[in-house]
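Me: I'm new to this one and would like a close look at a single part: the protein surface around the DNA. Could you walk me through that, and then show me how it sits in the rest of the chain?

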Amino acid sequence: MAADLNPAQREAVNTLSGPLLVLAGAGSGKTRVITYRIAELIRHRIRPERILAVTFTNKAAREMKERAMVLLGKRRRKATPEISTFHALCVRVLRRHAQRLGYPERFPIYDRGDQESVARSALREIRVSSEKLRPGDLLSQISAWKSHSVLPEAAGESATTDKQILSALAYAKYRTALRASGAMDFDDLLLLTEQLFTEHPAVRQQEAGRFDHLLIDEYQDTNGLQYRIVRALAEGHRNLCVVGDDDQSIYGWRGAEVEHILNFKNDWPEATVVRLEANYRSREAILNLANVLIAHNSARHDKVLRPYRKGGEPPRFVRFEDENAEATAVVREIHQRVNAPPPDRAGPQDFAILFRTNEQPRAFEMELRRANIPYVLVGGQSFYDRKEVRDIMAYLKVLAHPGDEVSLLRIINTPSRGIGSSTIQTLLGHAVDRGEPLWNVLDEAARHGDISAAARQRVEAFRQMIRRYRERLTHMPLVDLVSDLIQEIDYKGELERLASSPADVDVKFAAVEEVVNAIGSYAARTEEPTLFGFLEETALAGREDLKDDNEKKQPNAVTLMTLHSAKGLEFPHVYMVGMEEGLLPHSRSLIENRSIDEERRLCYVGVTRARDTLTLTFCKGRMKWGKLRPSIPSRFLMEMRGETDRAQRAAQAGHQAALAAAAAREKAAKKPKKAKKRRSGTTPRRR
DNA sequence: CCCTGCGCTTTTTTT
DNA sequence: AAGCGCAGGG
């Protein structure tokens, strides 16, 4: 079966027992190795359901599953290996044992938007203005603590800087709020799984005992929690295979620690180590660039990718006036190649435009639309981030989870139904007094004298409506129920009232209809569709199933995506745009004296996505907040060309520019502002 | 309680 | 350029 593998790959596939570390360079056939390995295990009579493979994204899981099935061919049976992400795995574990942790069996999973509203009110509760500590910063701090299993009390003790002390206080509020709603955020899924394993050894044994073989993909991107969960699951049988590339570690900001892959041998001394250094993807000319670039990083497993595909066009470095010129030229070139005569012809799907930040694709989208070239924008401002979509999803969450306070607060007066902020504050007060979820005090609202009669009536009407739909959940198709609900609350009317133009209403209502479609497609492919199931799936898969829908609708499309989303993919023709100081490396990584090595790895990931041609572009200047700001070419460009002294000059200039911008911002923040009125009534405090 | 309009801030990557 | 929060009038 494995005749077409090289010796290193074959060793990785055939070392079936004991710990195994596969250091797989970019384009070295890593995915193939993993899927062949799964197939090989099954060929050796390991029962498929005793194999667990963990991937980084749902998409990767789905693809791996498909490939493994193809490979197994006739052996394909009902039982399949379990292939999923860490988060999906943990959800399944937690669901089996939720009660032990004091959570309901089905719990809401809070996405980024929910987290932000909780973070915001947590900051309000401790009376910290979001100028002093932004919700986003608070959330990353909390996430960092969680990835080290640090709870609020411990966070408070270890906090040193002002920001950390405030963050620790807010963290406590944040945690209380989530618990009060019976909700978990993404980190909680991992954190509580770990907690479950430590507090209940029997549970750990039971869960670990479900599998005899464990495979972890993208191991360089595991954070502390994931690392400990892997250990807890594999310690018994020790059949642990991890695959990764330290040079492609690009999620340090999210708590990933490259040390896990670098120190694998310490934890698993008997481990076999296999290096995959032959690159089957990129032309020699492209790979040379990548090797030169990554050599600038220290603290890495030394390895040099060897090109299997020799020669190739040298990568191009192109400068433009501004981002519009950049987009026009790139799209014009794609257009030419798409319409070229056969030998040079390429399909739109052969092209990828890669960028660092999500504001960059705008100009490219415009040009692609103008040129009538189909494209897919991956990730970015997600469908599920849109206000109208979030509103509908909040209704669904309230139907499914009565305790979900964040969602309830979002919809209790959306569309506006006469339940104003003072009424809500009063209700919240009752909830706090009684130590119960907001939903539970709504029925009593009718009896309380401190709410106006009109408001009481409206609250009661709202409560009855939600109750009615909850009752219908069990004996009515989901799609019909949701359609009815959208009609009853007259969401379209709300959009008409708020939107700026009729076209805007159409666009927004189309998004609402997309939600209904998503429910429909979920219900169609699921044996026992439930609202819980749908919510869980969207929380975990998020934007991904929509991505796939896009890909099905537009199979021949240019791909636009961030460098982060590009990991693991390849394209014949790659454009890396906006190769400028401040973007790549990003200014924020320059200021927060975090190492720019990770930015360099990000650049490396981009370069190694290209099979045949690679074009790196940068601009003289770039519009930012309506002003044209000059740009400095990225130091990485010079590094790749071996122009070390020019690279250093660029680096210095880049640092200075970033620092100057930071200083200017600082100054602006300190400048005396118009006295802002403090809100008198803040959210009541929870105990 | 609802809506409008003004003024202020905004700098990354995402399971 | 755009989104958010807030003040003030209906």
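Reply: Start with the residues that come nearest to DNA strand B: of the 31 around it, these are Arg356, Gly420, Ser422, Ser587 and Trp625. Keep in mind as we go that this is a predicted model.

What kinds of residues make up that surface? Six are nonpolar, 15 are polar and 10 are charged. On the DNA side, 53% of the strand B atoms within 4 Å of the protein belong to sugar or phosphate, and the rest belong to bases.

Now for some individual contacts. With Asn358, an N or O atom of the side chain is 2.7 Å from a phosphate oxygen of DNA strand B. Gly418 also faces a phosphate oxygen, but here a backbone N or O atom does the job, at 3.0 Å. Trp253 deals with a base instead: a polar atom of its side chain lies 3.0 Å from a base oxygen of DNA strand B.

Which elements give two or more residues to this surface? They are helix 19 (421-434), helix 27 (563-566) and helix 28 (587-591). Helix 19 gives the most, with three residues.

Let's step back to the chain that carries this surface. Chain A has 31 helices and 18 strands. Its C-alpha atoms fill a box of roughly 80 × 65 × 55 Å along the principal axes. For 687 residues, a compact globule would have a radius of gyration near 26 Å, and the 27 Å of chain A agrees with that.

Two sheets are worth finding in the view. One is an open sheet of six strands with parallel pairing, in the order 11-16-15-12-14-13. Strand 11 (316-320) and strand 13 (375-377) stand at its edges with a single partner strand each, so one side of each has no neighbour in the sheet. On average, neighbouring strands here are turned by 20° against each other, ignoring direction. Inside this sheet, strand 12 (residues 351-355) runs parallel to strand 14 (residues 558-562), and four bridges join them. One pair to look for is Phe355, which stands opposite Thr562 in strand 14. Helix 14 (residues 284-294) packs on this sheet, where it touches strand 11 and strand 16 (610-619); the direction of helix 14 makes about 55° with that of strand 16.

The other is an open sheet of six strands, also with parallel pairing, in the order 3-2-6-7-1-8. Its edge strands, strand 3 (82-85) and strand 8 (272-276), each pair on one side only. Neighbouring strands in this sheet are turned by 15° against each other on average, again ignoring direction. Three bridges join strand 6 (residues 213-216) to strand 7 (residues 240-244), and the two run parallel. In that pair, Leu214 stands opposite Leu240 in strand 7.

Helices pack on this sheet as well. Helix 2 (residues 30-43) touches strand 1 (20-24), strand 2 (51-55), strand 3, strand 6, strand 7 and strand 8, and its direction makes about 170° with that of strand 6. Helix 11 (residues 224-234) touches strand 2, strand 6 and strand 7, with its direction at about 160° to that of strand 6.

Methods: Residues numbered from 1 in each chain as written. Chains lettered and ligands numbered in written order. Predicted model: local features only at pLDDT ≥ 70, side-chain atom pairs only at ≥ 80, totals over all residues. Heavy atoms only, no water. Pairing = 2+ DSSP bridges. Axes fitted to C-alpha atoms, helices over the stretch in contact; angles between N-to-C directions. Contact = heavy atoms within 4.5 Å. Near = heavy atom within 4 Å. Polar contact = N/O pair within 3.5 Å; in protein donor to acceptor, adjacent residues only side chain to side chain. Nonpolar A, V, L, I, M, F, W, Y, C, P; charged D, E, K, R; others polar. Rg over C-alpha atoms; globule rule 2.2 N^0.38 Å.
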